[in-house]
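Work through these exercises with the structure open. Each task is followed by a solution in steps.

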Amino acid sequence: MFPTLAFLYFLLCGLTGLVLWYKMLRIMANRGKKVSYFLVTPGQLFEFGRVIKDEQDPKLKIKYRIILWAQVLLIPLYMIGVSVLIRLRY
C-alpha cells in the first residue's frame, strides 16, 4: 500500500507542477520573453510575476496569478509530502 500511495502522491504533484510550469513558460514565450523548457530557475517565477504586472486584461491577470500561486504552493506541498512519507517509512 505504501509504495502505491507514494507513487500516486508524487505523480499527482509532479504532473500538476509540470503542466503549470509548461503553461507559465508558454505564456511568457507568447509575450516575447526568453524561456528555457529544460532549465528550471526561480528567476522564471519572478519573470512571470513581471508578465502578470504588465498584463492589462483583469481576467487574464487573475488566471496568471492562479497559475503562479499554484506553482509556488506546490513546492512546499511536495516537500511536506516527502517528509511525511520518509517519516512513515522509517
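## Exercises on a predicted model

Start with Ser36, which is partly exposed because its relative accessible area is 27%. The model is predicted.

**Exercise 1. Place Ser36 in the chain and relate Ser36 to Leu25.**

Step 1. Ser36 belongs to the loop between helix 1 and helix 2.
Step 2. Buried means under 20% and exposed over 50%. With 27%, Ser36 is therefore partly exposed.
Step 3. In sequence, Ser36 and Leu25 are 11 residues apart. In space, their C-alpha atoms are 7.9 Å apart.

**Exercise 2. Check the length of helix 2 against the expected span, then find which residues are buried.**

Step 1. Helix 2 covers residues 42–54, which makes 13 residues.
Step 2. At 1.5 Å a residue, helix 2 should span 18 Å.
Step 3. The end C-alpha atoms are 19 Å apart, so the two values agree.
Step 4. The buried residues of helix 2 are Gln44, Leu45, Glu47, Phe48, Val51 and Ile52.
Step 5. Viewed down the axis, the buried residues of helix 2 fall within an arc of 165°, so they line one face.
Step 6. Turn to the face of helix 2 away from the buried side. Pro42, Phe46, Lys53 and Asp54 are the exposed residues there.

**Exercise 3. Describe the largest nonpolar core and say which elements build it.**

Step 1. The largest nonpolar core has 15 residues.
Step 2. Met24, Ile27, Met28, Phe48 and Ile67 have the most contacts inside this core.
Step 3. Helix 1, helix 2 and helix 3 (58–89) each give two or more residues to this core.
Step 4. Helix 1 gives the most, with seven residues.
Step 5. Phe48 links this answer to Exercise 2: Phe48 is one of the buried residues of helix 2.

**Exercise 4. Find the salt bridges and say what each one joins.**

Step 1. The count is three salt bridges.
Step 2. Take Arg31 and Glu55. Their closest N and O atoms are 2.6 Å apart.
Step 3. Arg31 sits in the loop between helix 1 and helix 2, and Glu55 in the loop between helix 2 and helix 3, so this pair ties together parts 24 residues apart in sequence.
Step 4. Compare their exposure. Arg31 is partly exposed, at 37%, whereas Glu55 is buried, at 11% relative accessibility.
Step 5. Next take Lys33 and Glu47, whose side chains meet at 3.3 Å, N to O. Lys33 is in the loop between helix 1 and helix 2, Glu47 is in helix 2, and the two are 14 residues apart. Lys33 is partly exposed, with a relative accessible area of 30%.
Step 6. Last, take Arg50 and Glu47, a salt bridge of 2.6 Å, N to O. Both lie in helix 2, three residues apart, about one turn of the helix. Arg50 is partly exposed, at 46% relative accessibility.
Step 7. Put the pairs together. Lys33, Glu47 and Arg50 form a network of salt bridges.

**Exercise 5. Which residues make a nonpolar surface patch of about 510 Å²?**

Step 1. The patch is made by Phe7, Leu8, Leu11, Leu15 and Leu18.
Step 2. Locate one member, Leu11. Leu11 is in helix 1 (residues 2–30).
Step 3. Check the exposure of Leu11. Relative accessibility is 37%, so Leu11 counts as partly exposed.

Conventions. Residues numbered from 1 in each chain as written. Predicted model: local features only at pLDDT ≥ 70, side-chain atom pairs only at ≥ 80, totals over all residues. Heavy atoms only, no water. Patch = residues over 30% accessible without salt bridge, like charges linked within 9 Å, V, L, I, M, F, W, Y side chains within 5 Å. Areas by Shrake-Rupley, 256 points an atom, 1.4 Å probe, with all protein chains shown as cover. Salt bridge = Lys/Arg side-chain N within 4 Å of Asp/Glu carboxyl O. Helix = DSSP H or I, 4+ residues; strand = E, 2+ residues; numbered from the N terminus. Buried < 20%, exposed > 50% of the residue type's maximum accessible area, 1.4 Å probe, protein only. Expected span 1.5 Å × (residues − 1). Arc of directions from axis to C-beta. Core = buried A, V, L, I, M, F, W, Y, C linked by side-chain atoms within 4.5 Å.
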